[in-house]
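Work through the exercises below with the sequence and the structure in view, trying each task before reading its solution.

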Amino acid sequence: MPAARGTSRSASARPKKAKIPVVPAREAYPVPIVLVSGKEDFFASKATSLIKQTLVTEDPELEVTELAASGYAAGELASYVSPSLFLEPRLVLIDGAESCTDAFITDAISYLEVPIDETTLVIRHRGGQRGKKLLDAIRSAPQGIAIEVSCEPLKANELVDFVMGEFKAERRRIVPAAAQQLVAAFNADLAELASACSQLMTLSDDVITEELIDKYYGGRVETTGFKIADAAIAGRVREALALARHGFATGIHPVPIVAACANKLRTMAKVSDLRGTDAQLASQIGGAPWMIGQARRELRGWDDRSLARAIQLVAETDHRVKGGSKDAEFAVERMLRMIATRQL
């Protein structure tokens, strides 16, 4: 058996255990044990690719092994983590630790005590109680032995910041309104959203603007619930109805349109009586500063009564499109017409 890290120390001489560093996917780096936790597979893939790229840069002869924890057999880990005859570094990727076998938990915890030099073990765990004993052991590992990469799904109000971060990472810039349009086009599909960001950076060397988003993704943007809600709340009744009908014809379900209206009206209600900068209110009620600024602008022409009635109307329509009406599309059109004309 090759020499293992820490074997020359007595148990009493080992470093005091502490919580391991928790880093985002974009900042993942190789250490002996990397726990990749959370449900968002896009972030997990990004973290794993970054770790692999770093290791390959250090040594092109890196050996990569992929294992499924759900079918793991006792003793299997030892054959993959030990260096080869030529001492090439190793990267062992373990997927599905949330459904692992008991044997994997036992072997992985044992490995934590004596991790092998020149070997990086990446363990993917999407959540749940299975494997908790192993997770606790990793999270209390001695300093320098392990890190955790957090891959939790983003909330709706974090998507624009995600887009801005994709451009910032490449030292590029996108204006907030254009980032909002891009989010509207791809919703919460992070893989598609990131791909669109990369494509835009190859299409233009300049700052990414709303005009550029319209040019390449206008067809997707105009059929989203938020685009329809924007038109209705701004009082553009013909545009709102035309977009809704086009959306229905291209497969958009009534539910996300109602949800978009509800989201925007709730934000408007939250900021209606508040004072402060957009950034101050964003930290106070949640959301991005640009969302607060937009809600404040959209409040022009609305009073407390009409805003309250619109929120009630959206709640009624939500019931109708979820089974309370035989014609969900008509219910949506009625809601949009009443909001846009303020006939509340």
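## Exercise 1: The strand β5

In this predicted model, T119, L121, I123 and H125 point one way from β5, while T120, V122 and R124 point the other way, and all of them are buried.

**Task.** Determine how many of the residues of β5 are buried, and decide what this says about the surroundings of the strand.

**Solution.** Begin with the two sets of side chains: T119, L121, I123 and H125 lie on one side of β5 and T120, V122 and R124 on the other, and every one of them is buried. The count for β5 is therefore seven of seven, so the strand is largely enclosed by the rest of the structure. Next, look at the strands that pair with β5: β2 runs parallel to it and is joined to it by five bridges, and β4 is likewise joined to β5 by five bridges in the parallel sense. Individual positions can then be matched, since S37 stands opposite H125 of β5, and V92 stands opposite L121 of β5. Finally, follow the chain through β4, helix α3 (residues 102–113) and β5, which together make a right-handed β-α-β unit.

## Exercise 2: The whole sheet

**Task.** Work out in what order the six strands of the open sheet are arranged, and which strands stand at the edges.

**Solution.** The order of the six strands is β1-β6-β2-β5-β4-β3, and the pairing in this open sheet is parallel. Reading that order from end to end places β1 (22–24) and β3 (63–68) at the edges, where each has a single partner strand, so one side of each is left without a neighbour in the sheet. From one strand to the next, the twist averages 20 degrees. Within the sheet, β2 also pairs with strand β6 (residues 146–150), in the parallel sense and over five bridges, and the bridge partner of I33 in β6 is A146.

The helices that lie on the sheet can now be added. Helix α1 (residues 41–58) lies across β2, β3, β4 (90–95), β5 (119–125) and β6, and runs at about 175 degrees to β5. Helix α4 (residues 132–139) also packs on the sheet, where it touches β2, β5 and β6, and its direction makes about 125 degrees with that of β2.

## Exercise 3: Two helices that meet

**Task.** Decide whether the axes of α9 and α15 are parallel or oblique to each other, and list the residues through which the two helices meet.

**Solution.** Two packed helices are described by the angle between their axes and the distance between the axes. The axes of helix α9 (residues 225–233) and α15 come within 7 Å and cross at roughly 40 degrees. Angles under 35 degrees count as roughly parallel, and α9 and α15 are therefore oblique to each other. On the side of α9 the residues that meet the partner are I228, A232 and I233, and on the side of α15 they are L336, I339 and A340.

As a further step, consider how much of α9 is covered: seven of its nine residues are buried, namely G225, I228, A229, D230, A231, A232 and I233. These buried residues pack against α10 (237–249), α11 (254–271), α13 (289–298) and α15. After α9 comes G235, whose phi is positive, near 90 degrees.

## Exercise 4: Positive phi outside glycine

**Task.** Find where E118 lies, and decide whether E118 is buried or exposed.

**Solution.** Most residues other than glycine have a negative phi. E118 has a positive phi, near 65 degrees, in a residue other than glycine, and it is found in the loop between α3 and β5. With a relative accessible area of 54%, E118 is exposed. R342 can be treated in the same manner: its phi is positive, about 60 degrees, although it is not a glycine, and its place is in the segment after α15 (328–341). R342 is partly exposed, with a relative accessible area of 27%.

## Exercise 5: Confidence

**Task.** Establish which element of the chain has the lowest mean pLDDT and which has the highest.

**Solution.** For the chain, the mean pLDDT is 85, and 91% of the residues reach 70 or more. Among the elements, helix α8 (residues 210–221) has the lowest mean, 74, whereas strand β2 (residues 33–37) has the highest, 97. Over residues 1–17 the pLDDT stays under 50, and the model has 21 contacts for them beyond four places in sequence.

How values were computed: Residues are numbered from 1 along each chain as its sequence is written. This is a predicted model: local features need pLDDT of at least 70, side-chain atom pairs count only at pLDDT 80 or more; totals for chains, interfaces and linings use all residues. Side-chain values use heavy atoms; hydrogens and water are left out. pLDDT is the predictor's confidence in each residue, from 0 to 100. Helices (H or I, at least four residues) and strands (E, at least two) are DSSP runs, numbered from the N terminus. Contact means heavy atoms within 4.5 Å. Two strands pair if DSSP finds at least two bridges between them. Axes are lines fitted to C-alpha atoms, for helices over the stretch in contact, and angles run from 0 to 180 degrees between N-to-C directions. Buried means under 20% relative accessible area, exposed over 50%, partly exposed in between (1.4 Å probe, protein chains only). A crossover is right-handed if, with the strands pointing away from the viewer, the path from the first strand over the helix to the second runs clockwise. Angles under 35 degrees count as roughly parallel, over 145 as roughly antiparallel, 65 to 115 as roughly perpendicular and the rest as oblique.
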